[in-house]
Structures are given as structure tokens and as C-alpha cells.
Amino acid sequence: MRTDLYTGHDYFNMDDLLTEEHKLIRDAAREWVKKEVSPIIEDAAENQVFPQHLLSGLGAIGAFGTYIPEQYGGSGLDQISYGLIMQELERCDSGLRSTASVQTSLVMYPIWKYGSEEQKMKYLPKLATGEWIGCFGLTEPDHGSNPGGMVTSYVEDGDDVILNGAKMWISNAPFAEIAVVWAKNEEGRIHGIIVERGMEGFSTPTMKGKWSLRASDTGELIFDNVRVPKSNILPEKSGLGAPLGCLDSARYGIAWGAIGAALDCYDTALRYSKERIQFGKPIAGFQLQQKKLAEMITEITKAQLLTLRLGQLRNEGKATSPQISMAKRNNVDMAITIAREARQMLGAMGIMNEYPIMRHMMNLESVITYEGTHDIHLLITGMDITGENAFK
Ligand code: TGC
Ligand code: FAD
């Protein structure tokens, strides 16, 4: 196992645009990752398991509920702080960032935005510390890019509803205490409903065999006549726009996270190229290797600028969904391209788990697919600029 020597790269002095608080939050997250996660991440990926002992630490660095108000146990910070934490987590591993973005943006966010006061007080403080973990059930076996076609549904029965259906590919499902599940009511309208572990008929089988995001637990959610109190339905928003609103927040975090993965690949390749001698000199001295490195830092810098601006827009409440889609799509594509180039720069060493690049590359194959595929985000941009819907 190698010592984590990562230092960060800031070619366009982006730090000048951050506050002292932003830098403190980012540096604290970076130090925690180096001390607690870097030494164990390769084993976790190899063993296909999320290290659950990290949950309280993630809570302590503010990764759970970063922008949720303090009255509900969150950190009450801004969107850029949230982005910086996601960047530092994914610099280590996309699965680590996944756990935090699901908890903050897909579980705490809908409870905060669409929940009742009782629901907020019951769930948010425990989710903020990591005492409870949640998951988000939107995708179904037959409905991925087209979540509006979902078949999971419920019928009313006195003070309860009876829920039936199944969700698939759900991050954190195998160990989550609660699931925010999207299901149709008898009129076919989509609602969010909080399902708790232990409710009869509710199970969360683990999905094994992933070559990607191996340090993140993924599972199914099965609902077999699950009786859920009506008081667990999120009352303040319904329709497909409700889950898609959560996705905006999570996709924004991924845009930052992907920069982290790209920075780690670039940092590793740069360091290696200065140390690796071939034909009597460091490979960093060959033009072809310099071209790779120069293009990497150029693309990272462009993504950093785009994403910081997006963070400013989100702080002002002005960011549009298509702007978020563009950043998610661009940054993940940028990161996966850099991972592939960086792996080549390490030659045979690039395939070894002594270096993080191959793990990042495999992780990013999930990141480019979940929260809307690369092509779906392109179609969102296409529709925004032309006014024409090419989805259907
Ligand atoms: P469409 O008719 O366009 O829209 C339905 C309603 O939703 C509104 N809307 C949005 N609202 C908020 N935020 C957004 N981003 C929104 N996009 C659309 C829209 O205005 C409309 O509202 P209303 O009031 O008129 O009803 O919907 P569509 O059925 O045509 O689908 C559009 C499409 C394809 C863009 C969308 O469904 C989509 O984004 N598909 C991708 C699915 C996806 O991203 N799934 C992610 C699952 S969660 C996940 O992957 C977590 S991984 C987490 C981790 O481990 O990190
Ligand atoms: P499909 O929708 O079947 O798409 C297959 C291909 O067809 C893609 O290339 C797609 O771009 C293309 N395509 C689809 N429709 C169109 C169209 N209209 N025009 C052109 N091309 C199209 N979901 C959750 O709800 N919660 C989670 O926590 C979660 N975690 C995940 C974790 C992992 C590791 C992974 C891999 C996925 C996770 N997902 C989760 C599911 C994820 O959001 C879906 O995989 C994703 O939305 C794509 O759906 P699909 O896999 O069914 O692909």
C-alpha cells in the first residue's frame, strides 16, 4: 500500500475565489480521507464492501447534510462547501462520494424539501451524524432512463398504504435503515414514501458481481405487500419533478466529485512520469507524455471553472437543471478520459492496485451511467437549446 501523497492542483488560482471557510472544509475533508480511507480503500474495493465504520467520520466532516439547516442537524453550509467535500471524497473513491451524495442529496434533501416537520425532526438529525443511513429508490428493473414509467405502486388501506413493486441498482440499500421510495398512487401520481427496515414484506438483497464501484454496496428494494403508515408519505411535492429535483442536487455533487477523481489520476500520472526512467531520462521529458499531462490539466481547469460558477449559481438559486446536466456530463466524461490516459502513462504498473487509476476508471463507468446516462444528459442539453424533445 502506497502513502497517499496527493496535494491538489490549482492551475488558475481558483483558491482565490474560495472563502477561508471553504478552504478549511476542503482541507479537513482531505486530511480525513488521507488518514482514514486511503489506507483501506483498495482492500474495500477488492472485497466488494463499503467500510461502514467510516459513516460516523463522514458525518463528522459534514459530508451528510452539508447544506441542510443546522436546526435539523445539518451543517448549514453553502453549495460550494458541499461540492468541495464531494470532490475530496471522490478524489479517493467514487463509492465513498456515492454514499455521501445519496445520504445528503437523495435522502436528506427530499425529507427536508418535501417532508413534514415531524418527518424532518424524526429522520434528519440521525441521518446527519451517520447513525442512520438512507437510500433512494427510483430505478426499476424495467425503468432506468425512463423513471416516469415506474410500476411500483401503493393502494390506501385505512391509515396505511400497501406498497408493492421492486427497485434495482440502489446504492446503500443493503445496510440502509430507511429508503426514500418513489411509487405511484391509485391515480398514477408519483409520491415519495419513507420505508423503514423491519417493515414486514420489505427486503434489500445485495447485488454482487460489479467490476465498478466495488467499495459501494448496491442492492435491490423488494416490496411485497408492505404496510406503511400514510404519515410516511412526503406531503409537500408529488409528480416526477419531485425525484428529479433531488437528482439536480446529486448531479451537481457528482460534477464536483468527478473533478476529484480526475485530479487523483492526473496527480498520480504526473508524479510517476517524473520518477519513471526510460531511454535514460524521466518519461515526463518526452513530448508525447507532456501532451497527455498538459491536456489533462487543461481539461481539469476548464471543469473547475465551470463547476465553481455552477456552485455560485446554485448559491443564488439560479442554476437550471440543464446547466447541471451539462456539468455532470462534461466532468464525468473528462474524468474517465483522463483516467484512461493516465493508466497508459503508467504502462503495466497502471493496471495494479498499488495505484488508484484503474479503480477510478472502473468506478467512473458507473458514474457516467447513474444519475442520468451520458446520452440522456446530452438530450437534456439538446432539448434546452432547441426546444425539441428527442427522448420520445
Ligand atoms: P419530463 O416530462 O421531461 O418531466 C417530468 C416532470 O419533471 C420535471 N423535471 C424536473 N424537475 C426538477 N428537476 C429536473 N431535473 C427535472 N427534469 C424534469 C418536468 O418539468 C416535468 O414537470 P411537470 O410538472 O410538467 O410534470 O419527464 P420524462 O418522462 O420525459 O423524462 C425526462 C428525463 C429522461 C430527462 C428524466 O426522466 C431523466 O433524467 N432520466 C434519467 C433517470 C435518472 O437520472 N435516474 C437516476 C436514478 S438515481 C441514481 O442514479 C442514484 S446513483 C447515486 C449514487 O450512488 O451516487
Ligand atoms: P437504460 O435506461 O436501459 O439505458 C440503456 C442505454 O440506452 C443507455 O446508453 C441510455 O443512454 C440509452 N437510452 C435510454 N433512453 C434513451 C433515449 N430516449 N434516447 C437515446 N438513448 C437512450 N438508481 C436509483 O434509483 N438509486 C440509486 O441509488 C442508484 N444507484 C446506482 C448505482 C450503480 C452502481 C449503478 C450502476 C446504477 C445506479 N442506479 C441507481 C441506477 C441508474 O440511475 C440507472 O442505471 C441509469 O439511470 C440508467 O438506467 P438503465 O441502467 O436502466 O439504462
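**Close-up 1. Helix H7 and the shell around ligand 1.** In this predicted model, helix H7 gives the most to the shell around ligand 1, contributing 6 residues. Helix H7 spans 241-275, and both this helix and helix H5 (94-114) supply at least two residues each of that shell. In total, 26 residues surround ligand 1, and the closest of them are Ser98, Ser171, Asp248, Arg251 and Gly372. Sorted by class, the shell around ligand 1 comprises 11 nonpolar, 10 polar and 5 charged residues.

**Close-up 2. Polar side-chain atoms facing ligand 1.** Asp248, listed among the closest residues to ligand 1, places a polar side-chain atom 2.9 Å from a nitrogen atom of the ligand. For Arg251, which is also listed among the closest residues, an N or O atom of the side chain is 2.7 Å from an oxygen atom of ligand 1. Lys392 has a polar side-chain atom that lies 3.1 Å from an oxygen atom of ligand 1. On its own, ligand 1 has 1,100 Å² of accessible area, of which the protein covers 70%. The site of ligand 1 is the largest pocket.

**Close-up 3. The shell around ligand 2.** Ligand 2 is surrounded by 18 residues, the closest being Phe136, Thr139, Ser145, Trp169 and Thr373. Strand E3 (160-171) and helix H11 (374-386) each supply at least two residues of this shell, and at least three residues are drawn from each of domain 2 (135-232) and domain 3 (241-386). By class, the shell around ligand 2 is made up of 9 nonpolar, 7 polar and 2 charged residues. The space that ligand 2 takes is the largest pocket, which is also the pocket in which ligand 1 sits.

**Close-up 4. Side-chain and backbone atoms facing ligand 2.** Thr139 and Ser145, both listed among the closest residues to ligand 2, approach the ligand through their side chains: an N or O atom in the side chain of Thr139 is 2.7 Å from a nitrogen atom of ligand 2, while a polar side-chain atom of Ser145 lies 2.6 Å from an oxygen atom of ligand 2. Trp169, also listed among the closest residues, instead presents a polar backbone atom, which is 2.7 Å from a nitrogen atom of ligand 2. Taken alone, ligand 2 exposes 980 Å², and the protein buries 67% of that area.

Methods. Residues are numbered from 1 along each chain as its sequence is written. Chains are lettered from A and ligands numbered from 1 in the order in which they are written. This is a predicted model: local features need pLDDT of at least 70, side-chain atom pairs count only at pLDDT 80 or more; totals for chains, interfaces and linings use all residues. Side-chain values use heavy atoms; hydrogens and water are left out. A residue is near a molecule or strand if one of its heavy atoms lies within 4 Å of it. A polar contact is a pair of N or O atoms within 3.5 Å; within protein, one must be able to donate a hydrogen and the other to accept it, and residues adjacent in sequence count only if both atoms are side-chain atoms. Accessible areas come from the Shrake-Rupley method with a 1.4 Å probe; for residues, only the protein chains shown count as cover. On a 1 Å grid over the protein atoms alone, a cavity is a set of points where a 1.4 Å probe fits but cannot get out, and a pocket is an open set with protein on both sides within 12 Å along at least five of seven lines; lining residues have an atom within 4 Å of a point. A molecule sits in a cavity or pocket if more than half of its atoms lie within 2 Å of its grid points. Helices (H or I, at least four residues) and strands (E, at least two) are DSSP runs, numbered from the N terminus. Ala, Val, Leu, Ile, Met, Phe, Trp, Tyr, Cys and Pro count as nonpolar, Asp, Glu, Lys and Arg as charged, and the others, Gly among them, as polar. Domain bounds come from an automatic or database domain assignment.
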